[in-house]
Amino acid sequence: MLQFTEDYFQEEEREGFVVSSMMKRVWAAQLVVLEEIGRVCQKLKIPFWADWGTMLGAVRHHGFIPWDDDMDICMMRKDYMRFLQEAPGLLDHWYELKSVYNDPTYDIVKARIINGRHMNFESAFCKNSMVVLMLLELTFFLSIIFRWMKRN
């Protein structure tokens, strides 16, 4: 499991933006969730990669974008569908995968892995324990990325 030194959680200023200690704790928790996703994907031999703001942060900021509070990953459609089917049985008991395919009351297109049994958006709960990691489907995004890469 990932270990963080206490100074990792110190408030700091990055590019004129104050990153609070709480935001650093959110980032740390997201990295722990990402480590679990990585473990499951390795077991299933499913490749995944950073996307959207997570990719931008890794390249431009060498880490998180200072004002970004989520993490985005991507995988090929067939791998994504397999992950949705097989990951729930492989995830550590602390985690739950939520998607339109396994929960008829879940109405968000993106799947999420949460580290709790219920999604609770009350501020007191979110400040203490809620971490959400979005999984993005790769359908038409790949062609957009390749076009952008050819131009640059």
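Which residue takes a positive phi of about 55 degrees just after α2? In this predicted model, that residue is His62. The briefing below places His62 in its surroundings and then turns to charged pairs, aromatic rings and strand pairing. A search of the whole structure gives eight salt bridges and five aromatic pairs.

**Helix α2 and the residue that follows**

- His62 is not a glycine, yet its phi is positive, at about 55 degrees.
- The residue belongs to the loop that runs between α2 (52-61) and β4 (72-76).
- With a relative accessibility of 72%, His62 counts as exposed.
- Within α2, by contrast, Gly53, Thr54, Gly57 and His61 are buried. These four residues span an arc of only 105 degrees around the axis and therefore lie on the same side of α2.
- In general, an α-helix has 3.6 residues a turn, so residues three or four places apart point the same way.
- The elements covering the buried residues of α2 include β3 and β4.

**A second positive phi**

- Lys45, also not a glycine, has a positive phi of about 60 degrees.
- Its place is the loop between α1 and β3 (49-50).
- Lys45 counts as exposed, its relative accessibility being 70%.

**Salt bridges that reach helix α1**

- As a general matter, side chains of opposite charge can pair when their charged atoms come close.
- Glu12 and Lys24 form a salt bridge in which the closest N and O atoms are 2.5 Å apart. Because Glu12 lies in strand β1 and Lys24 in helix α1, this pair ties together parts that are 12 residues apart in sequence.
- The two partners differ in exposure: Glu12 is partly exposed at 29% relative accessibility, whereas Lys24 is buried with a relative accessible area of 2%.
- Glu12 and Lys24 also belong, together with Arg14, to a network of salt bridges.
- A salt bridge also joins Glu6 to Arg25, with 4.0 Å between the closest N and O atoms. This pair links distant parts of the chain, 19 residues apart: Glu6 is in the segment before β1 (12-14), and Arg25 is in helix α1 (residues 21-44).
- Glu6 is exposed, at a relative accessible area of 53%, while Arg25 is partly exposed at 37% relative accessibility.

**Aromatic rings and the charges over them**

- Phe4, Tyr8 and Phe9 make up one aromatic cluster.
- A pair of aromatic rings is described in general by the distance of the centres and the angle of the planes.
- Among the five aromatic pairs found in the whole structure is that of Phe4 and Tyr8, which is tilted, with 5.1 Å centre to centre and 40 degrees between the planes.
- Both members of this pair are partly exposed: Phe4 has a relative accessible area of 26%, and Tyr8 has a relative accessibility of 22%.
- The charged end of Lys24 sits over the ring of Tyr8, at 5.4 Å from the ring centre. Lys24 is thus described both by this placement and by its salt bridge with Glu12.
- The charged end of Arg25 sits over the ring of Phe9, 4.4 Å from the centre of that ring. Arg25 is also the salt-bridge partner of Glu6.

**Strands β5 and β6 and the loop between them**

- Strand β5 (residues 96-98) and β6 run antiparallel and are joined by three bridges.
- Lys98 has Arg112 as its bridge partner in β6.
- Lys98 also forms a salt bridge with Glu96, the closest N and O atoms being 3.9 Å apart. Lys98 is buried, with a relative accessible area of 12%.
- In a regular strand the side chains alternate between the two faces of the sheet.
- In strand β6 (residues 111-114), Ala111 and Ile113 point one way and Arg112 and Ile114 the other way, and all are buried.
- Val100 is found in the loop between β5 and β6 and is partly exposed at 40% relative accessibility.
- Apart from its neighbours within four places in sequence, Val100 is in contact with Tyr106, Asp107 and Ile108.
- Val100 and Leu84 are 16 residues apart along the chain, and their C-alpha atoms are separated by 9.9 Å.

Methods
Residues are numbered from 1 along each chain as its sequence is written. This is a predicted model: local features need pLDDT of at least 70, side-chain atom pairs count only at pLDDT 80 or more; totals for chains, interfaces and linings use all residues. Side-chain values use heavy atoms; hydrogens and water are left out. A salt bridge is a side-chain nitrogen of Lys or Arg within 4 Å of a carboxyl oxygen of Asp or Glu. Helices (H or I, at least four residues) and strands (E, at least two) are DSSP runs, numbered from the N terminus. Buried means under 20% relative accessible area, exposed over 50%, partly exposed in between (1.4 Å probe, protein chains only). Two strands pair if DSSP finds at least two bridges between them. Contact means heavy atoms within 4.5 Å. The arc is that of the directions from the helix axis to the C-beta atoms. Rings of Phe, Tyr and Trp (its six-membered ring) pair if their centres lie within 6.5 Å; planes under 30 degrees apart count as stacked, over 60 as edge-to-face and the rest as tilted. A charge sits over a ring if NZ of Lys or CZ of Arg is within 6 Å of the ring centre and within 35 degrees of the ring normal.
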